Amino acid sequence: MRRYGKHTDEDDVRVRPNRKGNRPRTTIRPKHEDAAEGFVLTVDRGRLTVLVDDRPVVAMKARELGRKSAVVGDRVAVVGDLSGAKDTLARIVRVEERSSVLRRTADDDDPYERVVVANADQLAIVTALADPEPRPRLIDRCLVAAYDAGLEPLLVLTKSDLASAETLMESYGSLGIRYVVTSREELAEGTAARRVREQLEGRITAFVGHSGVGKTTLVNALVERQRATGHVNAVTGRGRHTTTSALALPLPEGTGWVIDTPGVRSFGLHHVDPSRVIHAFPDLEPGTEGCPRACSHDEQDCALDQWVADGHADPQRLYSLRRLLATRERREGD
């Protein structure tokens with residue numbers, strides 16, 4: 001049924017009033033050119049702690065940014081109450097362009113990427129030499145993620161009083177990766193923290209490691225702060241997760257930042273293109289020059305076999321590379 005006649009004008013159209021009394025929504029968003037700059041320190045259940053002018057401010061994200069838009073290490077634009085007083089809440093209206101993004105997936109079959117940290121320039125891979133035993137495959141995976149994200153890796157080997165670092169470093173010493181070896185005694189005395197801190201000055205360093213390797217204990221010593229630490233289960237040999245969320249902490253005297261992340265038991269590489277995995281093995285990469293086109297590096301004519309046979313690289317390194325690539329190939333075939 002026609003409500004109006006053929007010759008309807010504006011006065012004939014009934015406009016319903018806005019019951020809420022507010023203006024209708026618009027797609028034009030303010031630019032917030034006067035927003036303050038902030039640095040995301042931690043994220044907890046939708047609330048972000050942001051450092052603004054050397055004071056922590058609790059903030060929430062603007063709706064248009066999305067739920068997963070800001071992570072620890074992000075530089076953001078903040079408006080609202082920036083006093084940092086109790087029960088105040090600011091609002092993040094913009095996430096600035098990132099210089100780097102460290103990602104991982106739960107496993108190689110999981111398509112969902114988890115952004116671990118943004119804007120870091122170094123990845124400290126913390127590994128215990130014993131209790132629990134070192135996991136070279138996890139180290140390799142972290143190296144792949146670091147190189148893919150453009151981060152410089154740093155190996156931090158703990159508990160050298162329980163086992164020597166020589167065996168592990170036989171596989172990594174020739175790669176040119178910087179490393180620091182620490183013991184529990186040195187950690188208690190403070191000498192370990194000083195030597196590790198020398199490698200962190202002027203950088204934003206994300207710390208990753210298997211549960212129970214002493215990562216958070218080391219971070220506590222570095223930043224002179226206490227986060228909860230756990231122990232290694234005597235039966236399973238596994239550590240207990242004590243760090244449940246990433247947290248950025250300043251080094252003393254403002255010489256850099258440490259980002260402590262939750263302990264990991266796996267480091268999925270679903271997000272990394274298999275063709276880029278070789279970049280994490282600089283001791284093997286030169287040997288690929290003789291490979292046939294589109295070589296998978298796990299076939300009969302692969303030049304890496306001869307490269308290793310000629311003594312240019314450790315056979316275990318080639319095994320690690322092919323194990324990673326085989327995992328990727330199984331995922332691609334699913």
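The lining of the largest pocket in this predicted model divides into 12 nonpolar, seven polar and six charged residues. That lining is made up of 25 residues in total, and those that lie nearest the centre of the pocket are Lys68, Val71, Arg114, Val115 and Val116. Two elements give two or more residues to the lining, namely strand E1, which spans 36-44, and strand E7, which spans 114-118. Of the elements, E7 gives the most, with three residues, and the volume of the pocket that these residues help to line comes to about 750 Å³.

Arg114 and Val116, which are among the residues nearest the pocket centre, lead on to Arg104, since both appear in the list of its contacts. Arg104 has its place in strand E6, residues 101-104, and, once its neighbours within four places in sequence are left aside, Arg104 is in contact with Tyr112, Glu113, Arg114 and Val116, as well as with Val264, Ser266, Phe267, Gly268 and His271. The contact with His271 joins parts of the chain that are 167 residues apart in sequence, while the C-alpha atoms of Arg104 and His271 are 7.2 Å apart in space.

From the pocket we turn to the nonpolar interior. The largest nonpolar core has 54 residues, and Leu123, Leu284 and Leu321 are those with the most contacts inside it. Helix H1, residues 136-149, supplies the largest share of this core, with eight residues. If residues up to four places away in sequence are not counted, Leu321 touches Val277, Ile278, Phe281, Leu284 and Leu304, so that its partners include Leu284, another of the residues with the most contacts in the core. Separate from this core is a second one of 19 residues, which includes Ala124, Val156, Val213 and Val258.

The cysteines remain to be considered. A disulfide is a covalent bond between the sulfur atoms of two cysteines, and the cut-off applied here asks for sulfur atoms within 2.5 Å; by this rule the count for the model comes to zero. Cys291 is in no disulfide, and the cysteine sulfur nearest to its own, that of Cys302, is 3.9 Å away. Why does the sulfur of Cys302 not form a bond with that of Cys291? The closest cysteine sulfur to that of Cys302 is the one in Cys291, and the pair is unbonded because the separation of 3.9 Å is too far for a bond. Cys291 nevertheless counts as buried, with a relative accessibility of 14%, and Cys302, at 5% relative accessibility, counts as buried too.

How values were computed. Residues numbered from 1 in each chain as written. Predicted model: local features only at pLDDT ≥ 70, side-chain atom pairs only at ≥ 80, totals over all residues. Heavy atoms only, no water. 1 Å grid on protein atoms, 1.4 Å probe; cavity = no way out; pocket = protein on both sides within 12 Å on 5 of 7 lines; lining within 4 Å. Points joined across faces, edges and corners; volume = space filled by probe spheres on them. Helix = DSSP H or I, 4+ residues; strand = E, 2+ residues; numbered from the N terminus. Nonpolar A, V, L, I, M, F, W, Y, C, P; charged D, E, K, R; others polar. Core = buried A, V, L, I, M, F, W, Y, C linked by side-chain atoms within 4.5 Å. Buried < 20%, exposed > 50% of the residue type's maximum accessible area, 1.4 Å probe, protein only. Contact = heavy atoms within 4.5 Å.
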